[in-house]
Amino acid sequence: TDHLHGLEDGAIHLWRNIRVPCKCTAEGICEIETAPQSIEATFTGRHETFQYTKYSQVAKRLRCAKSIPPGQVAHRGRHNHSLDQRVVHFCRAKCDHCGYYCTLPLGHPQQEHETRHGSMSSSRWAVDGPDDTGLEVEGRRFSSNDEGAPMMCNLICQAVGRHIHIDYCRASDAAACTGNNEVQHISKRILPNPERAKDYMTHNLFWRRAGFKDPYSREEQANFAKCDSMCSGPEHTAAAGNAAQPSYCSLPLFHPRMDPNNAQVGLGYVSNDGHLFSCRNPVIMQQAFHVIFVADRSGSMASGDRHPLPNTPASDRIVRRSNNRFGAVLSSLYSFWSARAVAVGGQQAARRDSYSVILFDHSIVNALVHDFVSSPDQLLDAVLRYDADGGTNFTAAIQRAQSVMEQHWSTERSPVIIFLSDGECHIADQTVQDLCRSAVRLGKALSFHAVSFGPDRASTSLRRMTQIALDIQNNAPRDPLAPPAATVASSYTQALDTVQLAETFLGIAESLRKPRGSLIH
């Protein structure tokens, strides 16, 4: 007798119902385990290695529940894991990033799929910047091409706060991304797959493209839709053991740049790079200065090898009067004053810094002393009437600057001297040392900046003056009333860097932004 005949194909069963080991063939997924599987895994990235819990989901196709009736070789109908006609099979869609299946019934009427989400094992980090740029998330650092498994779809956005997502560009060319307030094209190539163009996109668009319901609350979604730029004010950073309290731009994520000169804002300010903040302008709150401009107008400054900056509001006025080295000095002064006016909020805000302007050849002229109220154009008018002529006397110019500094000394303002010349004069070390030591004796070290408008070979005196000032500044007692960031080291620069000098030492408020990055499938 063949007791195993029932396992043969086409075998007829005579005496009772038999279940055969066939899988359900109905459309959809039979069962999704509600409790995700978890294993301890090791993450190895560019910056660090650590242990984490990896979550995954198991979707099952169950065994057929139908029996083969006596005398039959097969049951009627398709294999199904349940005899209940109302049994639910689940949707086959799954999240591209974590691999979790939709938990709604097959053919559900909802437009969006839903699931609990898990570890983003199918994604890798894309971080804008050099390949070793690190993005910190919950105390861990990730770089481009690091695996995404330590992160979970339904937690990552909450962990990073305001953010962008990165996806492969879907436009035919970069120009097609322009004007889209949900997409911003990334011009540089970044990992993974650097040969494929990529875009920044909003949180909302990311989840629409994913096809799954956004797992974050309405409040979180509203926050994620806003700009990720932050105020640079030091009061927002972590201090004295307290957590950082960033102040974010209040505009949408990919907003057009606001003009800081023409923006009408109530409380708050517009940064130099066009972001709107509701806090106080850090430039207004920072250390104030008495800036003494000492400008050379000797005969050598009439040389035509340097010219005023073109295409500025004051270019034509300066060129008509002095299209030479001295005109280049006036142009740089105007650029400096204009940059500062923008930094403190255009014409609406009062200037806390005072300005003095000393012009010299073989003699000395105080063009302006301890001025708080003049606009950049008014300041320019005060010096435009002078021409380049005569000899050069650095010693008399520095001694006059020391006199103006001492006469108008204030504990509220740090002294700064910006010395603009073509460098063609000698000055004794002792004269510069007396100036710098006088400031230290009065309570604040001098920040001295020499700006050359002549050939570098003729700037030996300017470099020496800067070095003397820097040595005394570095060895002076620190001002207890000034924050460390308010101290700007003395410097020597070329004329073209004058605007940069204004930004560096007067701290024009630019916004801050963490490195941008996200997980990409």
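What follows walks through two sheets, the helices packed on one of them, a pair of cysteines and one asparagine.

The model is predicted, so local features are kept at pLDDT of at least 70 and side-chain atom pairs at pLDDT 80 or more, while totals for chains, interfaces and linings use all residues. Residues are numbered from 1 along each chain as its sequence is written, and side-chain values rest on heavy atoms, with hydrogens and water left out.

To start with the six-stranded sheet: it is open, has mixed pairing and follows the order 17-16-15-18-19-20. Strands (E, at least two residues) and helices (H or I, at least four) are DSSP runs numbered from the N terminus, and two strands count as paired if DSSP finds at least two bridges between them. Strand 17 (364-371) and strand 20 (491-494) sit at the edges with a single partner strand each, so one side of each has no neighbour in the sheet. Neighbouring strands here are turned by 15° against each other on average, direction ignored. Axes are lines fitted to C-alpha atoms, for helices over the stretch in contact, and angles run from 0 to 180 degrees between N-to-C directions. Within the sheet, seven bridges link strand 15 (residues 288-296) to strand 16 (residues 354-360) in the parallel sense. H290 faces S354 of strand 16 across this pairing.

Helices lie across this sheet as well. Helix 7 (residues 376-384) lies across strands 16 and 17, at about 165° to strand 17. Helix 10 (residues 460-475) lies across strand 18 (413-421), strand 19 (447-452) and strand 20, and runs at about 165° to strand 19.

Helix 10 also meets helix 9 (residues 429-442): their axes come within 9 Å and cross at roughly 35°. The crossing is right-handed, meaning that the near helix is turned clockwise from the far one by less than a right angle (anticlockwise would be left-handed). On the helix 9 side, D429, V432, Q433, C436, R437 and V440 make the contact, and helix 10 answers with R464, M465, I468, A469 and I472; contact means heavy atoms within 4.5 Å. Sorted by type, the residues of this contact are seven nonpolar, one polar and three charged. In that sorting, Ala, Val, Leu, Ile, Met, Phe, Trp, Tyr, Cys and Pro are nonpolar, Asp, Glu, Lys and Arg are charged, and the others, Gly among them, are polar.

The second sheet has three strands, again open, in the order 10-12-11 with antiparallel pairing. Its edges are strand 10 (165-168) and strand 11 (183-186), each pairing on one side only. The twist averages 35° from one strand to the next. Strand 10 and strand 12 (residues 198-201) run antiparallel and are joined by four bridges, with Y168 partnered by K198 in strand 12.

As for cysteines, the disulfide count is zero, taking a disulfide as a pair of cysteine sulfur atoms within 2.5 Å. The sulfur of C231 has its closest cysteine sulfur in C279, 3.6 Å away, which is too far for a bond. Both residues are buried (under 20% relative accessible area, with exposed over 50% and partly exposed in between, 1.4 Å probe, protein chains only): C231 is at 5% and C279 at 14%.

Finally, N154 belongs to helix 1 (residues 153-160) and is partly exposed, at 23% relative accessibility. Leaving aside residues up to four places away in sequence, N154 touches R116, H117, P215 and Y216. T115 lies 39 residues from N154 along the chain, with 9.7 Å between their C-alpha atoms.
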